[in-house]
Amino acid sequence: MGLTASGTGFKSVDKKIHITHSNKVIALAGNPNVGKSTVFNELTGLNQHTGNWPGKTVSNAEGTYSYGNEEFTLIDLPGTYSLLASSVEEEVARDFICFENPDTTIIVADATNLERNLNLILQIMELTDHAILCLNLLDEAKKKKIDIDFRKLSYSLGIFVVGTSARSHQGLDELMEKTKIVSHTELEFKPFEVSYSEVIETALSMIQPEIENLIHDPKKSRWISLQLLDRNTSLSKSLCDHLQIDILENKSLKVATQEAHRYLREQGITEVSDYIVSTIVKESERIYKNCVTIHDEKYNEKTEKVDHFITSKWFGIPLMLLLLGGIFWLTIVGSNYPSALLSDLLFGIQPYLVDFLNWFHTPSWILDPLVYGVYQTLAWVVSVMLPPMAIFFPLFTLLEDSGFLPRIAFNMDHLFQKASCHGKQSLTMCMGFGCNACGVVGCRIIDSPRERLIAIITNNFVPCNGRFPTLIAIITMFFIGMHSNPLISSFILTMVILLGIVMTLIVSKVLSKTVLKGYPSSFVLELPPYRRPQIGKVIVRSIFDRTIFVLGRAMMVAAPAGLLIWMLANIHVGSLSLLAHLTSFFDPFARFIGLDGVILMAFILGFPANEIVMPIIIMSYLATNTLVEFDSLFALKDLLVSHGWTIVTSLCALVFTLFHFPCGTTCLTIKKETGSFKWTIISILLPTFIGILLCFLIKMVSTFI
Amino acid sequence: MSLNELQLGEYGVVKAIHATDKVRRRFLDLGIVPNTKVKCLYRSPFKDPTAYFIRGTTIALRNEDASLIEITRMEESSWA
């Protein structure tokens, strides 16, 4: 899902992968959701995120491992069902195996579902002789009483077959051993080769010599010829990029291709891909039946039973809402105490920090902005953000690992279909609850560019962790009285979130009817079997991969923001601070939409990180020079009410928290993901406009009541 | 009949695929070719999409897409 430092940061290799080192290069290929990333992690120790739902790795991670005094470079290719390149991921995987010539390609396959996996295995074996089959999830296969004859399979395929249970590190030593052998050997391997019908073979032989003249590799020539028969246009482009072969320019190749096509037409074959795929599928079926015995035909019943319940008409949706509400409840209740503890600790350190700096005779023009600007803002952000994230992300990762998320997409797809977008958007929205920037990156799982763009633009409509504290504080203060009952407050919060979801659907629909016209693309979603998540690993991984990652980024934007806010509050023009000037500048417009100048300015200054919106509001009302921490919501409510907050103000603030421009990090991410300035601007303007409009309507309605 | 007409718990065999371009490719990738056996497992709460058991995997398809797959009904006894 590319949610992590390794997925989004310097470790990821987007689209094109170039290898410069002298290590043996090993490619890791396989269907989605077969534990490929687990194999990768176990081998390299590099923490790349894995999840129990298809299509996780969309950019490629690279890592190294050593075995027998030798270093190997491992490239984790995107999970794909085939190499026929109907999506970017398939193109990346295909181009790497075809043109970058890895020394060995490890094909990771699901031992519980070998038949479907064989499809890709046979396709990869058409491309390279240096392949190894890694049959992963062997422990699960054993539990399901699936008996695989390794010797027969290895013999049928003509490559090494290694059984692994990567989660418990079983079989990986043998995998590394075999990888070493295959990547070193000069021996000619002769793996099984799919033969096609006579007509297709004849047509192939018309093109193949021409390609062989150009690349001198019989195996690849055969494969490229096959793709040319299939009029694979994306391959033509890759040929041009990687081998400088322009099919349209090379006359004899062009003629040969045209003749082969004419021959096929004469023989009555129009859809070549059907013949190719059918042949491969039939071969897969044959090999599978030869090598696999299932002793327990009803092994899938458990998952089916659970799914019947989870997707049922009456329980499906309420169950999901309950679960979502439950997660929020746990997050809210669970983070109260650690938040207070953290803030006591961090603000408790502050006097010592001041003493320490004074001891160095630090001049006050450095000390003040540093401590009261930068440090206090950081302390606030950390104590408000860290506990909820440390609870939310592990919970979310548990859902992800258990395989529950694809069921959410399954249950919700109909609504998204109505809005002419993709069911997987519900998953990127779920991710947005954690962090919108993460959600935007996650949109890569959606194949169609049109639907991906819609998902990116609307991701900000679900509130992220940074906005939850503000939402919760306002809800607790103004909507449920002071004897706060976490159950009621999470109910209201769930309602607010539903508003965000409804708005997402409406906006998606409007976008796809106007600027992003088009039909919904096909929705094919694999529902993997449920897997017991490894709770320990989930906690460690989600804390390190997501929590620390997001927190680090938030701190990076909060520190300069803290400095800026301090300066605005402390630099005076006339008798008023810059902050006060700005506030009175925004005030007329803000009041027009039911807010006030302070609130609006807080949102603008909160652009780097939404967490600091509430502290800025408090700071401005108190006219203090620094961010202030309030330990009691009672006192806070009194302060807000004394500055004219009514139920309408709080409602408008609630709505504006939900609908306004995305934070700085998210904007940067949108720019990076869409590569377009225009769509970034639209992603900023659209939610802001909706927020202003809704607030204005609330204000209007309230004046008439 | 087409795949979306299959009732819950019923079995079928693929006869032909009437989809084109990318959708057709996707089907082929999943091993949905003539003579492939399918079982209709369950529908989403909104009745669309529907989950099918195809070649050892549970795959969800929108009814609109499933209508492009022509099948004939099959007895449970011919499943294995």
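A residue counts as buried when its relative accessible area is under 20%, as exposed when that area is over 50%, and as partly exposed in between. The exercises below apply this and a few other cut-offs to a predicted model.

**Exercise 1. Two residues with a positive phi**

Task: Find where A:Asn69 and A:Lys145 lie in chain A, and decide for each whether the residue is buried, partly exposed or exposed.

Solution. Step one is to locate A:Asn69, which is found in the loop between β3 (60-67) and β4 (70-76) of chain A. Its phi is near 60°, a positive value in a residue other than glycine. Step two is to compare its relative accessibility with the cut-off: exposed means over 50%, and A:Asn69 has 87%, so it counts as exposed.

Step three turns to A:Lys145, which lies in the loop between α5 (138-143) and β7 (146-148) of chain A and has a positive phi of about 60° although it is not a glycine. The relative accessible area of A:Lys145 is 48%, and therefore this residue is partly exposed.

**Exercise 2. The two ends of a helix**

Task: Describe what is found at the start of helix α6 of chain A and just after that helix.

Solution. Begin with the extent of the helix, which covers residues 150-157 of chain A. At its start, a side-chain oxygen of A:Asp149 reaches to within 3.2 Å of the backbone nitrogen of A:Arg151. Then move to the other end, where A:Gly158, just after α6(A), takes a positive phi of about 75°.

**Exercise 3. Two buried residues of chain A**

Task: For A:Leu346 and A:Ser577, name the element that holds each residue, and list the contacts that remain when neighbours within four places in sequence are left aside.

Solution. Start with A:Leu346, whose place is in helix α14 (residues 316-359) of chain A. Its relative accessibility is 15%, and because buried means under 20%, A:Leu346 counts as buried. Not counting residues up to four places away in sequence, A:Leu346 touches A:Tyr375, A:Ala379, A:Val382 and A:Ser383. A separate comparison sets sequence beside space: A:Leu346 and A:Ile475 are 129 residues apart in sequence, and their C-alpha atoms are 26 Å apart.

Continue with A:Ser577, which lies in strand β12 (residues 576-577) of chain A. With 12% relative accessibility, A:Ser577 counts as buried. Once its neighbours within four places in sequence are left aside, A:Ser577 is in contact with A:Leu568, A:Ala569, A:Ile571 and A:His572.

**Exercise 4. The surroundings of B:Asn63**

Task: Work out whether B:Asn63 is buried or exposed, and which residues it is in contact with beyond its neighbours within four places in sequence.

Solution. First, B:Asn63 lies in helix α2 (residues 63-66) of chain B. Second, its relative accessibility is 18%, so B:Asn63 counts as buried. Third, leaving aside neighbours within four places in sequence, B:Asn63 is in contact with B:Asn4, B:Arg43, B:Lys47, B:Asp48, B:Pro49 and B:Thr50. For one of these, B:Lys47, the backbone oxygen lies 3.0 Å from a polar atom of the side chain of B:Asn63.

Fourth, consider B:Asp48 and B:Pro49, which are joined by a cis peptide bond with omega of about 0°. B:Pro49 is found in the loop between β2 (37-43) and β3 (50-54) of chain B.

**Exercise 5. Each chain as a whole**

Task: Give the secondary structure of chain B and of chain A, and judge the compactness of each chain by the globule rule.

Solution. Chain B has two helices and five strands, which follow the pattern β-α-β-β-β-α-β along the sequence. The radius of gyration of chain B is 11 Å, close to the 12 Å that the globule rule gives for 80 residues, so chain B is as compact as a globular protein of that length. Its C-alpha trace spans about 35 × 30 × 25 Å along the principal axes, and 61% of its 80 residues are buried.

Chain A comes to 29 helices and twelve strands. Its radius of gyration is 29 Å, close to the 27 Å that the globule rule gives for 705 residues, and therefore chain A is as compact as a globular protein of that length. Taken along the principal axes, the C-alpha atoms of chain A fill a box of roughly 90 × 55 × 55 Å, and 60% of the 705 residues count as buried.

Technical notes: Residues are numbered from 1 along each chain as its sequence is written. Chains are lettered from A and ligands numbered from 1 in the order in which they are written. This is a predicted model: local features need pLDDT of at least 70, side-chain atom pairs count only at pLDDT 80 or more; totals for chains, interfaces and linings use all residues. Side-chain values use heavy atoms; hydrogens and water are left out. A polar contact is a pair of N or O atoms within 3.5 Å; within protein, one must be able to donate a hydrogen and the other to accept it, and residues adjacent in sequence count only if both atoms are side-chain atoms. Helices (H or I, at least four residues) and strands (E, at least two) are DSSP runs, numbered from the N terminus. The radius of gyration is taken over C-alpha atoms; the globule rule is 2.2 Å times the number of residues to the power 0.38. Buried means under 20% relative accessible area, exposed over 50%, partly exposed in between (1.4 Å probe, protein chains only). Contact means heavy atoms within 4.5 Å.
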